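Hi,

Here is the structure I promised to send over. Have a look at it first, then read my notes below.

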Amino acid sequence: MDFKPQINLLKGLSNFNFGQTIAEAESIFGKPEESQVLDADILETSCTVLHYWYLGFSLFFDNKNFKKFSSVEVDCEDTILYGEKIFSLKEQQVIDLMKANGYTLTDTEQQEWGEKRLGFDDAGLDCYFENGKISSINFGVIDDINSYQFLPN
């Protein structure tokens, strides 16, 4: 499959949109090379991850939300964002590209394992840099606190 991932911030990856199902992912991308379930008891979250290593991305499905597509991690160097091959950009170029498209850098963080993270919260985007070069990109849906209903016990 000759596939170049395209980041569609707040919408999805290429023609696969947030909210779609695992079955729909498999109909578009085929069976994943690997799948796993990740549980975070402290955060009370659980997700199913489909790894498409040969395509350069992993899709995350929220198990607490009917296994709907909620985020993606991309490491394919051909990935496109706003017409640019984002993996070829330096930190400041990523910041400038995001700013030109209405998003500002929210925070930066040096990770324990050595990568530097640039976060663009309004876009649901995190870019990880190692030795000045993008190593991976995570993006997904943004939880709207106003959409939650809090019910008394």
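**What I found**

Let's start inside: Leu50 is buried, because its relative accessible area is just 3% and the cut-off for buried is under 20%. Before you go further, keep in mind that this is a predicted model.

Leu50 sits in strand β5. Leaving aside residues up to four places away in sequence, Leu50 touches Ile22, Ala25, Pro32, Glu34, Ser35, Phe57, Ser58, Leu59 and Phe61. Try finding Glu33 as well: it is 17 residues from Leu50 along the chain, yet their C-alpha atoms are separated by 7.7 Å.

One of those partners, Glu34, is worth a stop. Is Glu34 buried or partly exposed? With 37% relative accessibility, Glu34 counts as partly exposed, because that value falls between the 20% and 50% cut-offs. Glu34 belongs to strand β4, which covers residues 34-40. Its contacts, again skipping residues up to four places away in sequence, are Val49, Leu50, His51 and Trp53. With Trp53, the side chain of Glu34 also makes a polar contact of 3.3 Å. The C-alpha atoms of Glu34 and Tyr52 are 7.2 Å apart, with their positions 18 residues apart along the chain.

Now for the core. In soluble globular proteins, nonpolar side chains tend to be buried together. Here, the largest nonpolar core has 37 residues, and Phe57, Leu59 and Phe139 have the most contacts inside it. Elements giving two or more residues to this core include α1 (22-29), β5 (45-52), β6 (57-62) and β13 (133-140). Which element gives the largest share? That is α2, with 4 residues. To get a feel for Leu59, look at its neighbours beyond four places in sequence: among them are Leu13, Phe16, Ala25, Phe29, Phe69 and Val72.

Phe139 also turns up elsewhere. Asn8, in strand β1 (residues 7-8), touches Phe139 along with Leu13 and Ser14, not counting residues up to four places away in sequence. The side chains of Asn8 and Gln6 are joined by a polar contact of 3.3 Å.

Last, the cysteines. How many disulfides does the structure hold? The count is 0. Cys47 is buried at 17% relative accessibility, and Cys127 is buried too, with a relative accessible area of 0%.

Have fun turning it around on screen!

Definitions and conventions: Residues numbered from 1 in each chain as written. Predicted model: local features only at pLDDT ≥ 70, side-chain atom pairs only at ≥ 80, totals over all residues. Heavy atoms only, no water. Polar contact = N/O pair within 3.5 Å; in protein donor to acceptor, adjacent residues only side chain to side chain. Contact = heavy atoms within 4.5 Å. Disulfide = S-S within 2.5 Å. Buried < 20%, exposed > 50% of the residue type's maximum accessible area, 1.4 Å probe, protein only. Core = buried A, V, L, I, M, F, W, Y, C linked by side-chain atoms within 4.5 Å.
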